[in-house]
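Student: Hi! Could you walk me through this model before I set up my calculations?
Tutor: Happy to, here it is.

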Amino acid sequence: MNTDQIQNQVAAERFDVIVIGSGFAGLAAAIEAKRAGASVCVIEKMKAAGGNSIISDGGIAVPASQAQAEQHIQDSKELFYQDMMRAGLYCNQPALVRTLADGANDAFEWSKSYLGVPYLEKIEIFGGHSVARCFTARGITGGTIIKQMLLKIRELGIPILFQHRFLSFWNDQNDTIIGVRVLKNYEYANSSAGEEIKIFAERGIVLATGGFGADVAFRQAQDPRLDETIDTTNKPFATAEALQEALRIGAKPVDLSKVQLGPWASPDEKGYGVGPYFSEYVVFQYGVVVDPETGNRFCNELADRKTLADAMLTIGHPCVGIANQACVEQSGWSIEKCLKKGVVKSFDSIESLATHYGIPNETLRNTIASFNQAVTNGKDAEFGKPILVNAQQIATPPFFAMRLWPKVHFTMGGVGINERAEMLDRDGNPIPHLFAAGEVTGGVHGASRLGSCSITDCLVFGRIAGKNAAGN
Ligand SMILES: Cc1cc2nc3c(=O)[nH]c(=O)nc-3n(C[C@H](O)[C@H](O)[C@H](O)COP(=O)(O)OP(=O)(O)OC[C@H]3O[C@@H](n4cnc5c(N)ncnc54)[C@H](O)[C@@H]3O)c2cc1C
């Protein structure tokens, strides 16, 4: 992304709407605020836009879409709502989930027709969803969506103030929030860089600063297990300072201790890596996950993330995901990068695979034989995993395997909002002029987020926040 081209000169440190954060939620808010007639600026602490959004897989969950109907996939907003609530262990705020389910298709269409985002034709089912409803941006990256958003931002003439780190809200003498204090010329690697300035917001401020998956001190304060030995898929600057400032001025804390671990991660590479292309897209859908000590399966591989990650943590050591060439072919994905990096290994027999990972050979054979029987029966009586219509036996080589161990991936908690994306105080009343959207908010996903639902969340609530901030 050429940031020089995007960064415009700011005429005055005064705007109708200030958006803090340049990920999916912030850019969606900025675009909609501008379209609603407001002057807008985006504040971003880093030198480039995109936050965690730009490194995401670009998977977006959309119920009751035209494309599903064309492929005879029966879905509804109600089913989507029920899936999110079930995965969230019913800790989600129902009104927010309804808003997301209601706005998902519109946000998806907006991303295609107004922003010009290209999507793959495939519609996937990810763990915890009842039906295939997950669309993926071309290139399998959120960068495709961010690129189109930045083109629109430029077309609309919205300045992005890079290296501007939000410090605190700015109040007038009546304690009304009228703007923000910002560290201009901030440098991530140099804590003494930058000078403080104030920016005035005539109508509203949208907080869209993302999650705190990389903020070890803050996440450990919420869940002591999440110390520095647990890796994260997030960018290192996914930290909680802006969230903490919102809490300081009285925003409602919601579900802060609910932190999601990604069960598809590999302990043999840093961060998100490439392994999930094999584990999430091939193994969970078509293959099996076993405990290497016993050689047995221990869960429904298509369960939601929390169920799967908790099952692995209970096992207490990395597990092994297994599939074969036939599974890879049915998935339609390529695992070349995973093999090249050595995260996924290839074997010409089950015996050699078992020997490599120290799995009891005989038990592993039986485990795979009984899964193959489940494929034949079209029903997994043992763990209730949905057997996909194009599922194949794991019978012929090459066999592929990868070690699996969860990493911090997403923070469900954040500031409380209502259906208008207004930031709420501790009594549940909107804080005048403040709005929030995306991963910095809490309540949409409850105890556990379903895969592909964050992008839907960011687009739906980002758009709502921008429109309402402009209308204030
Ligand atoms: C590897 C990976 C893959 C993923 N894949 C998917 C997927 O396929 N589908 C899906 O639904 N979800 C996915 N997710 C989750 C999803 O990408 C994120 O939840 C979502 O992008 C968050 O968007 P956001 O706009 O809320 O925050 P972000 O995109 O993180 O943006 C926040 C921005 O705010 C800036 N900021 C933070 N603090 C300050 C401050 N003090 N001052 C100024 N700026 C600040 C940050 O620098 C950042 O640019 C994935 C996440 C990861 C890490």
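Tutor: We can go through the ligand surroundings, the strands, the helix pairs and a few backbone details, keeping in mind that this is a predicted model.

Student: Great, ligand first. How many residues surround the ligand, and which are the closest?
Tutor: The ligand is surrounded by 42 residues, and the closest are G21, G23, G51, G210 and G438.

Student: Which elements give two or more residues to that shell?
Tutor: Those are α2 (24–35), β6 (164–171), α8 (241–248) and α15 (453–471). The largest share comes from α15, with 4 residues.

Student: And how do the shell residues divide by type?
Tutor: There are 17 nonpolar, 19 polar and 6 charged residues in the shell around the ligand.

Student: You mentioned α2 and α15. At what angle do they pack?
Tutor: They pack at about 35 degrees, and their axes are 7 Å apart. As for handedness, α2 passes α15 in a right-handed crossing.

Student: Which residues meet there?
Tutor: On the α2 side they include F24, A28, I31 and E32, and on the α15 side they include I455, L459, F461, R463 and K467. The contact residues of α2 with α15 divide into 14 nonpolar, 3 polar and 3 charged.

Student: OK, back to β6. What does β6 pair with?
Tutor: β6 pairs with strand β7 (residues 177–184) in the antiparallel sense, over 7 bridges. One place to look is R165, which stands opposite L183 in β7. The two strands form a hairpin with 5 residues between them, and D175 in that turn has a positive phi of about 70 degrees.

Student: Where does the chain go after β7, and is the next pairing parallel or antiparallel?
Tutor: β7 is joined to strand β8 (residues 195–207) by 6 bridges, and these two run antiparallel. Within that pairing, G179 has F200 in β8 as its bridge partner, and K184 is partnered by E195. The loop between β7 and β8 holds N185, which has a positive phi of about 65 degrees although it is not a glycine.

Student: Nice, I'll check that one in a Ramachandran plot. Which parallel partners does β8 have?
Tutor: Strand β1 (residues 14–20) runs parallel to β8, joined by 6 bridges. Strand β18 (residues 430–436) also pairs with β8 in the parallel sense, over 3 bridges.

Student: What is V206 up to in those pairings?
Tutor: V206 in β8 stands opposite V19, and its bridge partner in β18 is F435.

Student: Switching topic: what is the strand order in the open sheet of 3 strands?
Tutor: The order is β9-β16-β19, with mixed pairing. β9 (253–254) and β19 (441–442) stand at the edges with a single partner strand each, so one side of each is left without a neighbour in the sheet.

Student: How many bridges join β9 to β16?
Tutor: There are 2, and β9 runs antiparallel to β16 (residues 414–416). V254 stands opposite G414 in β16.

Student: Let's do more helices. How do α4 and α5 cross?
Tutor: The axes of α4 (residues 77–87) and α5 (residues 94–113) come within 9 Å and cross at roughly 140 degrees. The two helices are therefore oblique to each other, and their crossing is right-handed.

Student: Which residues make up that contact?
Tutor: K77, F80, Y81, M84 and M85 in α4 meet V97, R98, A101 and D102 in α5. By type they divide into 6 nonpolar, no polar and 3 charged.

Student: And how far apart are the axes of α13 and α14?
Tutor: The axes of α13 (residues 350–357) and α14 (residues 361–377) are 9 Å apart, and the helices pack at an angle of about 125 degrees. That angle makes α13 oblique to α14. The crossing of α13 past α14 is right-handed. In the contact, I350, E351 and A354 in α13 meet N361, L364, R365 and I368 in α14, and these residues divide into 4 nonpolar, 1 polar and 2 charged.

Student: Last one, for my topology file: where is the cis peptide bond?
Tutor: The bond from P397 to P398 is cis, with omega near 0 degrees. P398 is found in the loop between α14 and β14 (399–404).

Key
Residues numbered from 1 in each chain as written. Predicted model: local features only at pLDDT ≥ 70, side-chain atom pairs only at ≥ 80, totals over all residues. Pairing = 2+ DSSP bridges. Axes fitted to C-alpha atoms, helices over the stretch in contact; angles between N-to-C directions. Parallel < 35°, antiparallel > 145°, perpendicular 65-115°, else oblique. Left-handed = near helix turned anticlockwise from the far one by under 90°. Contact = placed C-beta atoms within 7 Å. Nonpolar A, V, L, I, M, F, W, Y, C, P; charged D, E, K, R; others polar. Near = placed C-beta within 6 Å.
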